[in-house]
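Visitor: I should like to take a close look at one part of this model. Please begin with a single residue and then set out its surroundings in a connected account.

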Amino acid sequence: MIETKNRLRFAPSPTGYLHVGGARTALFNWLYVKRFGGQFLLRIEDTDKARSTDESTKAIFEGMEWLGLSWDEEVVYQGANLERHRADALKLLETGAAYRDFTTTEDLERWREEAKERKESFKFKREWTQFSPEEEAARVERGDPFAIRFKVPVGGETAWEDLVHERIAFPNKDIDDFVILRSDGTPTYNLAVVSDDIAMGITIVMRGDDHISNTPKQILLYEALGKTVPKFAHLPMIHGIDGKKLSKRHGATAVGDYQHEGLLPDALLNFLALLGWSPGEDREVMTRAEMIELFATKGLQKKAAIFDPKKLEWMNGQHLSLMTVEQLEPTVTSALVSEGVTTKSELDARPEWYHRLIDVLKIRSRLIDDIVRQAKVYFQDDIEYASDAVDKHWKDKEGSLNILKAAENKLANVDAASWDEATLEAALRGLAEELGIGAGKIFQPLRVALTGLNVSPGIFDVLILLGKDRSLRRIQLSEKYLNS
RNA sequence: GGCGCUAUCGUCUAGGGGACUAGGACGGGGCCCUCUCAAGGCCCAAACACGGGUUCGAAUCCCGUUAGCGCUACCA
């Protein structure tokens, strides 16, 4: 049978920032509909008013947009559907699938406490709150507060064929009669989720496997409501380097953090996809189009994965070198401008030069920030000499000075119009031959003179990027420094 | 405690009874290239949690043990 109408959703609660774990759940949902067709929806589960904030709702939108995980219909806010949730609970009460529970919270807490002392597992007993119809009517009449509990079948089991775990079954005797509507009339999580998923026409519920034990309760709810049970896919968790649940102390866990660190969204997505999914055939670096093409639930992992920031960085480097200069330009430009390195108009004035700069730096970078850091030298007039560079390549002041002077002479004679790699290389290698020394003996002190650093792109690239005037000025500056 | 999920190099993973001397990638080590740094190329170290079955044959199937994780609320 071909599934023509898939409807999947990502349903975060707005109680923090968009977490990388959440982002990965969203990604798999999104990949599924992109690969097999259908709609990808977003639902904000904001029913916990004490913890939900508009700020984190905004952060979720921003994170999703930055990652390019677009949703197909208007955002659904769970809090707007309270009336329907309540109606569903009442319907269940009417059909006898649920019952009123007049137990007070205090009693419940005390009983739970006592069970704990006796080292027994606590289970709610239906008999505790069973009254004759007259008594119950009287209590309702009187206005006694009650919660509505779902009547879990006594025998048998509730099972489903999970898209990642295959069959999972829970004996019904282990499932408590759970509350679906609190005594204040608000719905609980399981009811709200099922009610909303039905209303949204969700066909596949793909979420973290911390929800596995909620699933039998939800299935029971679908059945009691007379609705088709959707398919479930439970994704493994993401852990920190110590095997514990990923949290702040493992470093950045918010998608926004990575955005600001200069990571490429496609690289983050690629890395996250590999945490819990494998396309097989040793494929690792993928564009998002390739991920869509290759996605299948078959490759989904059952085991929790540990988040390795090192591999993320590597992945970003891979995507950096995969991208063309044109694709990279907008991102690099905004990073450069916001760092105050240069201005947009200055870059627009010499696009060719700018493209060459990006081209030369991107291969030496893992993050956009690496590009920015390395780019600074090519924009500013003043120069600082790094002490390790000076110690290493200008140790012999006298000798360095002579070499730099000779190089200056050679370069001054190169016409500005033929300031290109071939000419420059011929000039400097020629000098090395004249002096009877290795070319490196010239390049290294020269590199320090031009960049102040002992690492940089190839020396001819540096000369070209700096241009004739600035290059010569820097050499003269270095001579002054060495003379002092 | 009860219930559930999981278990291949340090990490992400391939593998689905014989193709396994267990493959790839990150990270680590070494070499090559080379004006430095990257990138790239080549090489090395590194794993089937343990115990029982089933089978001619088990990383692979079954059972148990152990460990990790999750849930165990009138939170989501």
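Visitor: Where is the place of Asn-316?

Guide: Asn-316 has its place in helix H11. Here a helix is a DSSP run of H or I with at least four residues, a strand is a run of E with at least two, and both are numbered from the N terminus. The model is predicted, so that local features need pLDDT of at least 70 and side-chain atom pairs count only at pLDDT 80 or more, while totals for chains, interfaces and linings use all residues. Residues are numbered from 1 along each chain as its sequence is written, and chains are lettered from A and ligands numbered from 1 in the order in which they are written.

Asn-316 is buried because 25 other C-beta atoms lie within 10 Å. A residue counts as buried with 20 or more other C-beta atoms within 10 Å of its own, as exposed with 12 or fewer, and as partly exposed in between, the C-beta atoms being placed from the backbone. Leaving aside neighbours within four places in sequence, Asn-316 is in contact with Leu-263, Leu-264, Ala-267, Arg-366 and Leu-367; contact requires that the two C-beta atoms, placed from the backbone, lie within 7 Å. Glu-45 is 271 residues from Asn-316 along the chain, and 32 Å separates their C-alpha atoms.

Helix H11 (309–322) also takes part in the surface near RNA strand B, where it supplies at least two residues. The same is true of helix H4 (105–117), strand E7 (166–171), strand E12 (305–306), helix H19 (440–451) and helix H20 (459–483). There are 63 residues around RNA strand B, and those that come nearest are Ser-13, Arg-182, Tyr-189, Lys-311 and Gly-458. To be near a molecule or strand, a residue must have its C-beta atom, placed from the backbone, within 6 Å of it. By class, this surface holds 22 nonpolar, 23 polar and 18 charged residues. In this classification Ala, Val, Leu, Ile, Met, Phe, Trp, Tyr, Cys and Pro are nonpolar, Asp, Glu, Lys and Arg are charged, and the others, Gly among them, are polar.

From the RNA surface the account passes to the nonpolar interior. The largest nonpolar core has 87 residues, and Leu-27 and Leu-272 have the most contacts inside it. Such a core is a set of buried Ala, Val, Leu, Ile, Met, Phe, Trp, Tyr and Cys residues joined through C-beta atoms within 7 Å. Its largest share, 9 residues, comes from helix H1 (residues 20–36). A second core, separate from it, has 19 residues, including Phe-146, Ile-148, Phe-150 and Ile-180. Apart from neighbours within four places in sequence, Leu-27 touches Leu-69, Leu-269, Leu-272 and Ala-273.

Leu-27 also belongs to the contact between two helices: Val-20, Ala-23, Arg-24 and Leu-27 in H1 meet Leu-269, Leu-272 and Ala-273 in H9. This contact comprises 6 nonpolar, no polar and 1 charged residues. The axes of H1 and H9 come within 10 Å and cross at roughly 85°, so H1 is roughly perpendicular to H9. Axes are lines fitted to C-alpha atoms, for helices over the stretch in contact, and the angles run from 0 to 180 degrees between N-to-C directions. Angles of 65 to 115 degrees count as roughly perpendicular, under 35 as roughly parallel, over 145 as roughly antiparallel and the rest as oblique.

Strand E1 (residues 7–10) contains Arg-9, which is buried because it has 25 C-beta neighbours inside 10 Å. Although their positions lie 17 residues apart in the numbering, Arg-9 and Ala-26 are 7.8 Å apart, C-alpha to C-alpha. With neighbours within four places in sequence set aside, the contacts of Arg-9 are Asn-29, Leu-41, Leu-42, Arg-43, Met-200 and Ile-202.

Exposed parts complete the picture. Glu-281 lies in the loop between helix H9 (265–274) and helix H10 (288–294), and Asp-282 lies in the loop between H9 and H10. Glu-281 counts as exposed because it has 6 C-beta neighbours inside 10 Å, and Asp-282 is exposed because it has 6 as well. Neither is a glycine, yet phi is positive in each: near 55° for Glu-281 and about 60° for Asp-282. Helix H5 (residues 133–142) is hardly covered, with 0 buried residues among its 10, and just after H5, Gly-143 takes a positive phi of about 85°.
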